[in-house]
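Q: I have a structure to get to know. Can you walk me through it?
A: Sure. Put it up and ask away.

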Amino acid sequence: MMRTATRYLPLLLLAVAWELAARLNIVSSLALPPLSSVAAAWVDLIRDGELIDNGGASLYRAFAGLFLAVIVGGGLGMAMARVRLLDVFVNPLVELFYPLPKSALIPVTVLWLGFGDGSKILLIFLGCMIPVTIGAYNGARGSDHALVWSARSMGAGPLRMMWDVVMPSALPELLNGIRTALALAFILLVSSELIVSQRGFGYLIGYLGSTGSYEGMYAVVLTVAFLGFAADRLYQLLMQWLLRWRE
Amino acid sequence: MARIEDQAALAAEPGDLAHDRAKGLDAVFRLGAGIFSILVLLIAWELFARSGKVTPFMLPPFSAVVARIYADAVGGDLWINLGLTLYRAMTGFVIATIGGIALGAAMSRIRWVHWFFDPIISVGFPMPKIAFLPVIMLWLGLYDVSKISIVVFDAIFPVVTATLGGIAGVEKELLWSARNMGANERQLMWQIVLPAALPQILTGLQVALPISLIVAIVAEMAMGGYGLGGAMMTASRFADSRGVFAGIVEIAIVGYVLIKAMALIRRRLLAWHQETAEHN
């Protein structure tokens, strides 16, 4: 307890420094409103439902896109690892799209699907699919040949093989790929909402900023940053639990 | 990155001559298949766009996009936008590199620096830092300074973490023998610790480089103006879909070249390291 407190003390110091800098007018309180007023603005935003409404829209987009990416990317990656023809022909495309900054697709998804949920979900799906595919592929390639052979000799069909042998051995790398995708989902979500949208965290940040209510803007920025951090930590716990059968 | 090793390599003994030849043939086959896949994708794009099933607004033909890139290149717009984006991304990347390595090294040597920055780095790393873009715009305005600042803010985290990890992994024997031979702290840092940590630091830089490019482009998209990202947003607002697709192709090429260049630099800098020997 004491150790955790000492460990995170610097964050508290930063918060105090923020409050003092704003209160003592060391920096303009317009550019940096005191942390306490940001907290008050946060409570207001929660009360009038704005934060929950926009936040719900954002989280729905992030998780819908991520979910699709895990299903499609995970399946594709494992199939590529098992089926040589697929590997030879699809891998170059994965490598081609891997270095493409996914945010470059923001204007295209808008062109295709407009300003709403669809364009964000498509963007997050496309962006997150690559790390998940690569994770599943690398993981499934590493699965023990002896295990695969013995399962086959015991008469396991291809689907059975995927689920019982390939998938568990691919799991650690697959889960790592999903972790990258999770971070990416938040980044793509916020980027696309900041640039074009009519709802969501990014929209709310832009709206509050342009109307000059900077306390509210800071409150939403900190909320998004915290959610990204919390999602990663929760996911790490989930990973530990899923991989508890390993030593 | 998807690593391609052929199945045969797993089974055969290394150094086996027949296996080497098989490996060479396999590599040729794979390269051919790769080019084939990409060509098929481009041809499918072209045919689908021309089939009339989609409007040219939704998907302009690949040839039209190439023509657009050529026109931009001849007209000079492409080079202005490309230059500005690269200037912002690379300035931010260089500052993040120097700052990140310095901070990582300081954290590994000085106790209170570690105490102060460790929670900030570990909490800040998984955050979507792009969310701070409006705050940085509020502080620093809409020009290059704010774009470069958000790049630095985003790219510095992987550099610091990699430097810390690299330095922590330096073998104690190296440090002891250097100290025994009378190296002072400064020499220890420059001649032993940093070179020994270099492979991991470079891995951090390989993560930070694409981040720099992405963040520069997103900042340009959000703030408008020149640059590859800004040009794409302008094209999108005017429903100029050729311009949008031209932007994607240009950004894809820039991203690809930067990543390959970084891998090349890594191999050069680590020519002395066993990692490079294993590759050849």
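**A first look around**

A: Start with one residue. Setting aside neighbours within four places in sequence, Leu174(A) is in contact with Gly74(A), Gly135(A), Ala136(A) and Gly139(A). Keep in mind that this is a predicted model.

Q: Where does Leu174(A) sit?
A: Leu174(A) is in helix α8 of chain A.

Q: Is Leu174(A) buried or exposed?
A: Buried. Leu174(A) has 27 C-beta neighbours inside 10 Å, and 20 or more count as buried.

Q: How far apart are Leu174(A) and Leu76(A) in space?
A: Their C-alpha atoms are 12 Å apart. In sequence, 98 residues separate Leu174(A) and Leu76(A).

Q: Switching to chain B. What is its secondary structure?
A: Chain B has 12 helices and zero strands.

Q: And how is chain B divided?
A: Into domain 1, residues 7-50, and domain 2, residues 62-279. The centres of domain 1 and domain 2 of chain B, taken over C-alpha atoms, are 31 Å apart.

Q: How much of chain B is buried?
A: Buried residues are 32% of its 280 residues.

Q: What about contacts in chain B between residues 24 or more positions apart?
A: They account for 68% of the contacts in chain B with a separation of 6 or more.

Q: Now the contact between the chains. How many residues does each chain give?
A: Chain B gives 46 residues and chain A gives 48.

Q: Which elements of chain B give two or more residues there?
A: α2 (17-50), α5 (111-124), α6 (133-140), α9 (185-223), α10 and α11 of chain B. The most comes from α11(B), with nine residues.

Q: What classes of residue are on that side of chain B?
A: The side of chain B that touches chain A has 38 nonpolar, six polar and two charged residues.

Q: Show me a pair of helices across the chains. How do α1(A) and α5(B) pack?
A: At an angle of about 80°, with their axes 8 Å apart. Helix α1 of chain A covers residues 2-23. Angles of 65 to 115 degrees count as roughly perpendicular, so that is what α1(A) and α5(B) are to each other.

Q: Which residues make that contact?
A: From α1(A), they are Arg7(A), Tyr8(A), Pro10(A) and Leu11(A). From α5(B), they are Trp115(B), Phe116(B), Pro119(B), Ile120(B) and Val123(B). By class, the contact of α1(A) with α5(B) has eight nonpolar residues, no polar and one charged.

Q: What does Val88(A) touch?
A: Apart from neighbours within four places in sequence, Val88(A) is in contact with Arg30(B) and Ala33(B). Val88(A) lies in helix α4 of chain A, residues 84-97. Val88(A) counts as partly exposed, with 19 C-beta neighbours inside 10 Å.

Q: On to the largest nonpolar core. Which of its 122 residues touch the most other members?
A: Ile124(A), Cys128(A), Ala185(A), Val220(A) and Val221(A).

Q: Take Val221(A). What is in contact with it?
A: Leaving out neighbours within four places in sequence, Val221(A) is in contact with Ile205(A), Ala131(B), Phe132(B), Pro134(B) and Val135(B).

Q: Ile205(A) is in α9(A), right? Why is that helix described as largely enclosed?
A: Ile205(A) is one of the buried residues of α9(A). Seven of the 10 residues of α9(A), residues 201-210, are buried, so the rest of the structure largely encloses this helix.

Q: What do the buried residues of α9(A) pack against?
A: They pack against α3 (50-82), α8 (158-195) and α10 (214-242) of chain A, together with α6 of chain B.

Q: What comes just after α9(A)?
A: Gly212(A), with a positive phi of about 80°.

Q: Which residue in chain B has a positive phi although it is not a glycine?
A: Ala239(B), with a phi of about 55°. Most residues other than glycine have a negative phi. Ala239(B) lies in the loop between α10 (228-237) and α11 (241-269) of chain B. With 10 C-beta neighbours inside 10 Å, Ala239(B) counts as exposed.

Q: Last one. Is Pro158(B) buried or exposed?
A: Buried, with 20 other C-beta atoms within 10 Å. Pro158(B) lies in helix α7 of chain B, residues 144-168. Aside from neighbours within four places in sequence, Pro158(B) is in contact with Gly204(B), Val207(B) and Ala208(B).

Conventions
Residues are numbered from 1 along each chain as its sequence is written. Chains are lettered from A and ligands numbered from 1 in the order in which they are written. This is a predicted model: local features need pLDDT of at least 70, side-chain atom pairs count only at pLDDT 80 or more; totals for chains, interfaces and linings use all residues. Domain bounds come from an automatic or database domain assignment. Helices (H or I, at least four residues) and strands (E, at least two) are DSSP runs, numbered from the N terminus. A residue is buried if 20 or more other C-beta atoms lie within 10 Å of its own, exposed if 12 or fewer, and partly exposed in between; C-beta atoms are placed from the backbone. Two residues are in contact if their C-beta atoms, placed from the backbone, lie within 7 Å. Ala, Val, Leu, Ile, Met, Phe, Trp, Tyr, Cys and Pro count as nonpolar, Asp, Glu, Lys and Arg as charged, and the others, Gly among them, as polar. Axes are lines fitted to C-alpha atoms, for helices over the stretch in contact, and angles run from 0 to 180 degrees between N-to-C directions. Angles under 35 degrees count as roughly parallel, over 145 as roughly antiparallel, 65 to 115 as roughly perpendicular and the rest as oblique. A nonpolar core is a set of buried Ala, Val, Leu, Ile, Met, Phe, Trp, Tyr and Cys residues joined through C-beta atoms within 7 Å.
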